[in-house]
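Got your viewer open? Let's take a walk through this structure, one selection at a time.

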Amino acid sequence: MSVIHSMAQGFAVALTPMNLMLAFSGAVVGTMVGVLPGIGPITGVAILVPLTYAMKLPPESAIILLAGIYYGAMYGGSTTSILLNVPGETASVVTTLDGYQMARQGRAGSALAMAAIGSFVAGTLSVLGLMLFGPFLAKWAIRFGPAEYLALMVFAFSMISTLAGKNLAKALIATLLGLAFATVGIDPGSAVPRYTYGQLKLYDGMDFLVVAIGLFAISEILVLLEETHTGQTVAAEMGKVWISFKELMFSMGAVLRGSILGFFIGVLPGAGASIASFISYTLEKRVSNRSDTFGKGDIRGVAGPEAANNAAAGGALIPLLTMGIPGSGTTAILLGALMGMNVTPGPLMFQNHPKVVWGLVASMYIGNVMLLILNLPLVGLFVKILLVPRWILLPVVTAVSFIGVYSVNNSPFDLLLMAGFGLLGYLMRKMDYPLAPVILGLVLGEMMEKNLRRALSISGGEWSYLFKSPISITLWVLAAVSLFTPLIFRKLKTMKDEIVTGEEEL
């Protein structure tokens with residue numbers, strides 16, 4: 001009853017004309033931020049924080065605007081991933097695997113509509129979870145220490161076989177390559193430069209966006225140029241601009257699984273939407289009875305990850321609001337913005353600032369509806385990008401990629417690095433190496449190293465500390481099962497096929 005009363009108070013705050021306008025503005029700006037490579041939700045929110053101070057907005061109105069940008073950007077990142085194979089942020093990388101293939105098959109409208117609907121369902125469910133289970137889940141999440149986080153990272157890597165395609169060895173090599181890239185920069189323990197070769201620009205490591213756009217967008221441009229030159233061009237089809245009822249029903253299981261998974265991973269501080277989207281994709285491949293369709297335009301490969309990364313955005317607000325612990329880079333910016341307005345998130349947040357908390361929860365309900373209404377009519381407009389002649393589209397994609405990468409650090413060195421990764425991505429494609437494990441290794445490598453160092457520091461170098469808690473033991477067991485079960489099943493299937501072939505020959 002108290003929750004219903006609190007929600008009524010929240011809607012009274014969120015439905016004021018000014019807050020409605022701010023929620024709508026946040027959703028629009030967030031979608032644009034997500035669409036443009038190089039900005040991302042962290043930068044988008046950070047840029048607009050001073051604006052909320054300048055406008056002298058009350059805390060509840062400011063957080064409604066900033067949160068709208070946050071979850072709007074989570075949706076917007078899928079558009080360029082699907083249409084142009086250009087992921088705007090880490091959580092959108094997985095969407096390129098099947099989303100871009102759907103676009104090439106003339107099903108871009110279905111993919112974009114699925115991304116919008118999946119984001120809406122996941123966003124709504126995560127807000128419901130935030131409302132009902134927020135304080136309880138925050139207490140559970142703080143049980144994750146360095147050892148548990150390390151086990152979680154290993155669990156994420158163990159699912160790499162599902163991204164491997166036909167050759168697990170190539171996926172492992174690609175993962176190791178990503179981990180190697182993650183070691184470039186200043187050693188966090190000794191402050192000694194590693195693999196920088198005297199280049200100061202590498203002291204901060206390799207930015208995700210530089211690597212991702214090089215590997216995916218630039219290599220894709222090279223492949224398209226080659227196809228055009230050799231006469232192998234397959235014209236992109238516009239196809240239908242709407243998702244069919246059959247496709248929608250087929251994908252709802254993936255949406256629900258991605259929503260639940262993404263929400264719980266989002267609750268874990270530091271885990272973030274990237275891990276949620278990767279694990280959701282691998283989960284869908286595991287539960288599918290036809291996993292060979294993934295990577296070739298399976299709509300569940302869009303539905304699951306898109307739902308997961310949007311649900312993670314809602315889940316990440318739980319440790320922020322209830323414990324004052326930011327669950328991601330963007331929520332760290334939100335934490336700073338709230339504290340700048342004399343609102344300190346923590347256990348007493350619900351009692352001391354009910355207008356801020358419940359106003360935010362109510363505005364997220366409204367914002368998700370706004371995003372759906374805003375983006376679904378635009379699906380047909382977005383799909384028409386595919387009708388643009390290749391001689392216009394390729395230079396535009398190249399220009400967007402260069403501008404996006406240059407805007408990260410205003411560094412010409414990043415452009416050279418991106419071009420190098422573009423060439424690497426092109427060669428990997430030619431040799432049938434998967435690209436996504438490289439990104440997974442790069443994104444998780446740094447977090448994995450930091451948590452391993454912390455765990456060993458706490459235990460005084462005792463490795464058994466990594467396997468002591470029930471949570472870490474469970475995650476290690478899940479990692480082993482996840483890694484070896486597909487190999488065992490594949491071996492059993494091969495043996496069965498050999499037996500059947502032998503019986504037929506007899």
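## First stop: Glu-247

Select Glu-247 and you'll find a buried residue, with a relative accessible area of 14%; buried here means under 20%. Glu-247 sits in helix α10, which covers residues 245–267. Now show side chains and add Ser-110: a polar contact of 3.1 Å joins the side chains of Glu-247 and Ser-110.

One thing to keep in mind as you click around: this is a predicted model.

## Zoom out for a moment

Show the whole protein chain as a cartoon. How many helices and strands does the protein chain have? There are 21 helices and 2 strands. Colour by burial if your viewer can do it: of the 506 residues, 55% count as buried. The chain also makes plenty of contacts across long stretches of sequence. Take the contacts between residues at least 6 apart in sequence, and 79% of them join residues at least 24 apart.

## Helix α4 and its partners

Next, select residues 59–84, which make up helix α4. Thr-79 is found in this helix, and with a relative accessible area of 3% Thr-79 is buried. Draw a distance from the C-alpha of Thr-79 to that of Ala-115: they are 8.5 Å apart in space and 36 residues apart in sequence.

Keep α4 on screen and add helix α12, residues 300–315. The axes of α4 and α12 come within 9 Å and cross at roughly 155°, which makes α4 roughly antiparallel to α12. The crossing is right-handed. To see who does the touching, show these side chains:

- on α4: Tyr-70, Tyr-71, Met-74, Tyr-75, Ser-78 and Ile-82
- on α12: Val-302, Glu-306, Asn-309, Asn-310 and Ala-313

Sorted by class, that contact of α4 with α12 has 7 nonpolar, 3 polar and 1 charged residues.

Now hide α12 and bring in helix α16, residues 354–375. The axes of α4 and α16 also come within 9 Å, and they cross at roughly 40°. What is the handedness of the crossing of α4 and α16, left or right? It is right-handed. On the α4 side, the residues making the contact include Pro-59, Ile-63, Ala-67 and Tyr-75. Among their counterparts on α16 are Val-356, Leu-360, Met-364 and Leu-371. The contact of α4 with α16 counts 10 nonpolar, 6 polar and 2 charged residues. Two residues to highlight are Tyr-71 and Tyr-75 of α4: they take part in the contact with α12, and they appear in the contact with α16 as well.

## Asp-298, just ahead of α12

Go to the loop between α11 (272–287) and α12 and pick Asp-298. Is Asp-298 buried or exposed? At 7% relative accessibility, Asp-298 counts as buried, as the cut-off for that is under 20%. Look for the polar contact of 2.7 Å that joins the side chains of Asp-298 and Arg-300. Leaving out residues up to four places away in sequence, Asp-298 touches Asp-98, Met-102, Phe-250 and Thr-293.

## The α7 and α20 pair

Clear your selection, then pick helix α7 (residues 146–158) and helix α20 (residues 436–459). Their axes come within 8 Å and cross at roughly 150°, so α7 is roughly antiparallel to α20. This crossing is left-handed. Residues of α7 in the contact include Tyr-149, Leu-150, Met-153 and Phe-157, and those of α20 include Leu-444, Met-447, Met-448 and Ile-458. The residues of this contact divide into 15 nonpolar, 2 polar and 1 charged.

## Last two stops: Leu-20 and Thr-344

Select Leu-20 in helix α2, residues 17–35. Leu-20 counts as partly exposed, at 27% relative accessibility. Leu-20 and Met-370 are 350 residues apart along the chain, yet their C-alpha atoms are separated by 9.8 Å. Setting aside residues up to four places away in sequence, Leu-20 touches Ala-14, Leu-15, Ile-366 and Met-370.

Finish with Thr-344, in the loop between α14 (329–340) and α15 (349–352). Thr-344 is exposed, with a relative accessible area of 52%. Its C-alpha is 8.7 Å from that of Leu-321, 23 residues apart in sequence. Ignoring neighbours within four places in sequence, Thr-344 is in contact with Met-349 and His-353.

Technical notes. Residues numbered from 1 in each chain as written. Predicted model: local features only at pLDDT ≥ 70, side-chain atom pairs only at ≥ 80, totals over all residues. Heavy atoms only, no water. Helix = DSSP H or I, 4+ residues; strand = E, 2+ residues; numbered from the N terminus. Buried < 20%, exposed > 50% of the residue type's maximum accessible area, 1.4 Å probe, protein only. Polar contact = N/O pair within 3.5 Å; in protein donor to acceptor, adjacent residues only side chain to side chain. Axes fitted to C-alpha atoms, helices over the stretch in contact; angles between N-to-C directions. Parallel < 35°, antiparallel > 145°, perpendicular 65-115°, else oblique. Left-handed = near helix turned anticlockwise from the far one by under 90°. Contact = heavy atoms within 4.5 Å. Nonpolar A, V, L, I, M, F, W, Y, C, P; charged D, E, K, R; others polar.
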